[in-house]
Every structure is written in C-alpha cells, then in structure tokens.
Amino acid sequence: MHSEKQKHTFEPKIIAFVCTWCTYAGADLAGTSRMQYPSNVRVLKFPCTGRIDPVFILKAFQQGADGVLVSGCHPGDCHYIAGNFHARRRFAVFRKLLEFVGVDLNRLQFSWVSAAEGGKWVEVVTDLTEKVRAMGPMTEFKELAMEEQWSGAIDTPELKEAYNQI
Amino acid sequence: MQKFISEQNLNTLLDTLIAAGTRVVAPRMNAGTPLYEPLTSAAEMITDQLPRRSAKEAFFPVCEDIMTYEKEGQKVTVTDIDPSRFPETVLVGVRPCDAVAIPVLDAVFSWDYKDEFFLERRKKTTIVGLACTTADDACFCTAVGLSPDETKGSDLFLTPLEDGGYDCRTYSEKGETLVNRYPQLFSEPTGSKAVPLAEPQIEKFDLKKVKAWLDENFENPDWDSIATRCVGCGACAFVCPACHCFDIVDEGTEKAGKRRKNWDACGFSKFTNHASGHNPRDQQPKRYRNRIMHKFKYYDDKFGQTLCSGCGRCIRVCPVGIDIAQIVEEINKKDI
Amino acid sequence: MTKPIDTSIYTAVTDAIRTEAQRILSEGQVSAIVGYAAARRKGSAQPIVISQPDDAAKLIFTPACVNNLAVYLTKAKKEIPKSGKIGIVVKGCDLKALSGLMGESQLKREDIYLIGVPCAGVLASTVQPATELTTDSIAPKCTECDAHLPTGCDFVPAQTPVAADLEKKYAAEITRLEALTPAERWAYWKEQFSKCIKCYACRQVCPFCFCEQCLCDRNKPQMVDTTPRPAGNTAWHIVRAMHLAGRCAGCAECERVCPMDIPLNLLNRKMAKELKELYDHEAGFEVLDKGPLNMFTEKDDQSFIK
C-alpha cells in the first residue's frame, strides 16, 4: 500500500500555520483518507488565519524552518466572517517586506484549503516541500543567529571550536 | 619614554601586529558610520573622525555571552565562557575622552564584584591614545577638567606633529612593551612642533559646585523643564564612553541556549520597572535626572570620580537635542 | 551639484508662530504649546513645552527644527499635561502623523490647536546643527515632500515656501535595491542591521509606536530576541516595519535619529509604495476611519495565494 519511500540527502523542515476550521480539517481529511504527503511538514493549528501574526513566520525561519506555509479558509468561508480577508492583506504586505530584506519568497507559501480539500492539502504540501528541497537549506537566518557584534565575538579558533562542541 | 613614529611606520606596526595574530581595533568606516572595529589592514584606519560609539565596547561589548546551557533528558550542562581566552588586543587611535573613561570604569567593574569579562579584556588590551586637533561645538572635555591631549588611560600616546608623523610617549609598562617589541619602527624625537590642539569653546565647570547643587536638588522643578522632552531611548547611554549599565537575558530554547549580557540604559521606562508593576522612576524626567545624578554625583560619592569625559556624543545623537553640557553649565551658573 | 535651499521665509514664519502662540496662550485658548526652541549649540533646536505667554518668544522655526512633535501628544509621553487644549507646531509631514493618530482614536481634533508651518525643508541630521540647508544636507524625506504647506490647521503663517525640485532620494534607492538579487539585498540589510545597538531611538521618536507594552520588550513569549546581535536586530527591524505598514506617515524620524545611520525609512517607504500599489493607500492630511491593513475588499489581490 505504501509507495516506495525515496531517499533524499536533504529533508527540509516545513512549518505550516493553519486555521483550525478549514485547512486543519482538510489535512485531517487527507489523513483519514489515507493520502500520502511528505512528513516534512509540521502543522501548527490556530483559530483563524487572522490570528497568525507575521512574527510567527519570522520566528519559524529563525528557529530553523526551511519553508513556511500559511493556510486557511477560502475567502467568504471564514468561521469568523472576515479573518482571512484581513490576513490576506497583511500577508500580501508582509511577503513584500520579506522580499525587500532579501528572503527568497519561494520558501513562503500561502494557500486556501477547505475542509473538503484533502487532495489540495497534499498537493500544496508536496509542491512546497519539493520546491524547498530543490532550493536546499535556508541558511540566512541560521547564519545570522551565529553572528555576534565584533566586541562580543569570541574569535580565537580554539575557543570557537570548544564553543561549537557545546 | 619619548619616541617618534612616522605615519608609514605606524601603519607598518599595525599591519605587523595584525599579521602576528593580535587583534587591532581602531576607528574605521562601517557602512558609512565611523566605529571602533577590528582592522584587517592598517589602511582602513581613519584618524579624522570621532567614532560614533565609544571605545568602551572593546572591554564591555554591546552584547556578550557569559554562559551556555544544554539539556539532554534530565541532565543539564552549564558551561561558563572562559575569559582567559579573550584575544590580545591593541586599541589604536583612541581619543582622550574615550581613553580616560576606561580607568574610571575600572572602579565599578572591580568594586564589590570583580567583573572578569571586563578585567580580563582590560589586562589583555594596550591602549594607544591620539591627541585631538579638531573639535566641534558638542565637544566639552575641557569643561570637565580634561584636555585634548589628556594621557590618562593611554598606555602609549600619539601627538600629531606639524612635519608629519607622531610624537609618541609611553605611560605604562604595556606601552613600553609595545615600543620595545618593534624598536626599528620608532626613532628618537625629532623636536618638530605638534599640530595645535583642538580648543573646545566652553568654559570649565566647577564640578564641586555642580555636585553640591545635585546633592540638594533631587526634587526640583527644573528636572521637568530639562527632560520633559526626553523620549526615553538609550542612544545617549549607548554612545557614552562611561555609561556601563547592563542587562542579563537568557536566549534559546528549552533544550539549549545562552545567557547574554547586553547594554542597558536608565532612560528606558522598563529599566526600573519592578516585577510587581511598580516603577519608582515612573516619568521620563526622573529617568533623565538619574543620568545626570549618576554622572556628576553618585559616581563621585562612591568612587570620587566624574562619569563624564566630555566627548559630546550624547549631545550629537540625542533625538530631541538634549545637551548635557548646557544642563551642567546652567547648574554651574546657579547661586547656591 | 550642491545648491542652497531657500529658507528665507523661516524668519517671518518664526515671528508669526510667536505672535500666534502669545495670543492663544494669553487668551487661554490653549493650556500649553509644544514647539521648537533654540539650544546651546549654534543653529541647534530642541522641542519645548511652554505654558506662559512670555515664553512664546522662545519659539523658533529653522532648518534644524527636525523633530516630529506629534510624538509628545501620544500616550507614550505621559509627561505632557493633557488637560485642556494643547497647541502644537507642525510641519506638513508631522500633520500627517497627527491625522493618523486621530484616525487611530489616539487624539481628538478638538483637543488640539494646530499651528502649521510653511516648510521648505529641514536638515537630514542634526549631529552638526549649524549646517546650511542645501540640496545635499536636506532630509531625504523633503526631496519627496508633497506637503510643504499643511492644510486644515487652526493657524498657518502667510508665507509660501519655495519648494525646490529635487532628486527623489528614497525612490532612487528603493529602485536600486529592488533590482538586486535576494541574496544581495540580504547582504545589504545584514550589514546595516548589524550596526544596530537596540537603543530603540527609532521606536521612541515614532508617533505610531505608542504601545505601552512593546511586543519586543516582552519575554513571555519572547517573539524577538532583545540582544543587539545581528539576529535580534534583523527581527526587530522587520517587526517594526511591519507594525508601521499602512500607518507610517513618512516623517522619517526613525532614520534621522538612528545613531548608527541605518536607513530605516527605506523600509517604511518600500511598505508605503506597496500599499499604494496594492490598495491605493497614501498617508495624507485626511483622517481615515481605518488604515489599509484594518480593512479589506472582497476583490483584494490574491495572486500569491494557492
């Protein structure tokens, strides 16, 4: 039943911020329907896409995500009437900001996936995973996290080595 | 010891030090801003501009790690940063207003607790001072009793000469060691005249009188008129060669992380905020008052020194034009 | 080529501001006025709050009057007496910020007496306040200014500013950055943000940063690292730009006050440009009930959403 699992040299970490009413239910449907999708995705459930603060996306990248997916109800289907409409504007602007500071937008995907669209969830997750896999690891934020102001940097090679072993 | 060093030989000295693995920190341009930073070549050094941040960060960094932790299962491993492995450093082109502040900071960093991070860097750093030949109207070192050729704090002090090169005098063993390490680069004094020193246009303050007023005027309506305009940022404290408050934060995850020491500033509203929510310095004038009090009264009470070297950085960067020299000048003029 | 900017009207503007301030204070129309006064250094200016008619003579307007005084009327500044009507000296860019604050229900128009300033431009930096105002030393925001003469004020001096035709500095720089690859832009901002020392001057002077509890000061949860290291700095500046998107009035105070010369307003201008293209929003004198990110239409662009 399970298809042969392909071995990859790089397994990207994908964080999915989803709304509980549509996309989470859609992902659930994919699961109960025994559809296969990459296990690279870690799903975080929110009440609504309107609750997903852009800072969460930033934090995800900082904590080591290679790709981020934000997904919720189709326009007009929001459980809270307009949460996704507000989110749509917010993310339209936020992605422009990230692009301007130099984040490759291919690592950030937005989608509408309803509770009935298990197949679409599989498609969206698979597409993003494969796209990010082809791009390789997101190194920008990880490298940034290692950098220090010169005055606080510990720049003797032995100490750096000792430090890296921690 | 008095010697002469040509500009070319000074560059050779720095390049030789860099090649030998010594960290050479001097004023250089970083994305358009003059800052004290490690050089990769002596050619990067600039001597005509006062760096925006002071030289204190060579001893007291903007942010430094003090320990790391890691949790595996129930086992928590804590590793201290070992200060004995900080790099040997030569700090070059340090303005007198920056250099004098370093021994002033020694007092607080080796007072009730010996701050090993500061003291270890201090031990491993040779300070090469440079006399000032230009000043702007924010400069006021002469008003706090210093001068553009003040040598306190410097191990070696350079004075630009009219015929080029520098008069070079040593003021400590560290300074002599540096000269003796590369004797071929130094020669006997030429007797050439020094370039005229900068002359800050401000009258000298009577710091005793200023302190006497501060002693009596913790509560005074003047603080409101002085500091109502203060917006509560930390720019003044962060560019100051003598401000030394810091905050300690843990950063990381449950699994692993670091404990870090950051610069902090009394201008921030959260600086004195208690866990209960009570804030004894609940208004900006009270916070700004602390800045003046700490510099001209508290530090004097405790260590007999003034915590201001008149570099004028806070005046230049203040978003709302608060002028510490003007404030102290006005206190100085009061009848008490 | 560097050319001087005509600021000859500023003397007459100063006189007019003084006369008006004296009048409204002595007639009791306002309890206090927030304006600019000269400080010790040659050519310098600093904000001042006056409540006595005699102090009106302290008020000035010069190219060093760079501050956006609107910040003093926000709830972040508790020190300014909020009783009665308050007078405030505003340039066009400052007035846009006040309009924004009124739109966000932070201020009421009837509580403020607006003294508008016909403005030909101010300095980019007051590190050396005696600098002459020229096409080089003028604030970049002034090169793109469309508000030399504020409207809807209670009083505006009669002088008309001579607006020079200047190269639009932000537009040119944004175009340059947009043409780079993401990796090159990342390298550019990394270098800039690395200088940041988290003094929060950008936040403290911003009229729109009036939150009593800033997200970035919180530690439960700690969304943004507080340490002044490249990682925390980058996060802070992205969050700041995002929180100001659709609200920023373009006074560029963040950029002017940055002691590390980080071109912060570039981020804000970029956001403003996107909001103009996406939702036809621009900061102006009009008080809007809702900002562009507090509203929506069903037809909003969603080409980026799968």
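Domain bounds here come from an automatic or database domain assignment, and on that basis chain C splits into domain 1 (9-143) and domain 2 (169-279). The C-alpha centres of these two domains of chain C sit 25 Å apart. This is a predicted model, in which local features need pLDDT of at least 70 and side-chain atom pairs count only at pLDDT 80 or more, while totals for chains, interfaces and linings use all residues. Residues are numbered from 1 along each chain as its sequence is written, and chains are lettered from A and ligands numbered from 1 in the order in which they are written.

Back to the two domains. Their contact draws 20 residues from domain 1 of chain C and 16 residues from domain 2 of chain C, where two residues are in contact if their C-beta atoms, placed from the backbone, lie within 7 Å. On the domain 1 side, α2 (92-103) and α3 of chain C each put in at least two residues; helices (H or I, at least four residues) and strands (E, at least two) are DSSP runs, numbered from the N terminus. The largest share of that side, six residues, is from α2(C). By class, the domain 1 side that touches domain 2 of chain C has 10 nonpolar, six polar and four charged residues. For that tally, Ala, Val, Leu, Ile, Met, Phe, Trp, Tyr, Cys and Pro count as nonpolar, Asp, Glu, Lys and Arg as charged, and the others, Gly among them, as polar.

As for chain C as a whole, there are nine helices and four strands, running α-β-β-β-α-β-α-α-α-α-α-α-α from the N terminus. Its C-alpha atoms fill a box of roughly 60 × 45 × 40 Å along the principal axes. The radius of gyration of chain C, taken over C-alpha atoms, is 20 Å, which agrees with the value near 19 Å for a compact globule of 306 residues; the globule rule is 2.2 Å times the number of residues to the power 0.38. Of the 306 residues of chain C, 53% are buried, meaning that 20 or more other C-beta atoms lie within 10 Å of a residue's own (exposed is 12 or fewer, partly exposed is in between, and C-beta atoms are placed from the backbone). Take the contacts in chain C between residues at least 6 apart in sequence: 74% of them join residues at least 24 apart.

The largest nonpolar core has 239 residues, and Leu97(A) and Ile88(C) have the most contacts inside it. A nonpolar core is a set of buried Ala, Val, Leu, Ile, Met, Phe, Trp, Tyr and Cys residues joined through C-beta atoms within 7 Å. Helix α3 (residues 83-101) of chain A gives the most to this core, with nine residues. Domain 1 (9-143) and domain 2 (169-279) of chain C both contribute residues too, so the core lies between them. Leaving aside neighbours within four places in sequence, Leu97(A) is in contact with Ile238(C), Ala241(C), Met242(C) and Met271(C).

Met271(C) is one of the buried residues of α9(C). This helix is mostly covered, with 12 of its 16 residues buried. The cover includes α3 of chain A along with α3 (140-143), α4 (169-178), α6 (201-205), α7 (230-244) and α8 (253-257) of chain C. The 16 residues of α9 (residues 264-279) of chain C should span 22 Å at 1.5 Å a residue, and the end C-alpha atoms are 23 Å apart, which agrees; the expected span is 1.5 Å times one less than the number of residues. Just after α9(C), Asp280(C) takes a positive phi of about 50°.

A few other backbone spots deserve a mention. Most residues other than glycine have a negative phi, and most peptide bonds are trans. Tyr200(C), however, has a positive phi near 60°. Tyr200(C) is in the loop between α5 (182-194) and α6 of chain C and is buried, with 25 other C-beta atoms within 10 Å. In the loop between α6 and α7 of chain C lies Pro221(C), joined to Lys220(C) by a cis peptide bond with omega of about 0°. Over in chain B, Ala31(B) has a positive phi of about 45° and is partly exposed, with 15 other C-beta atoms within 10 Å.
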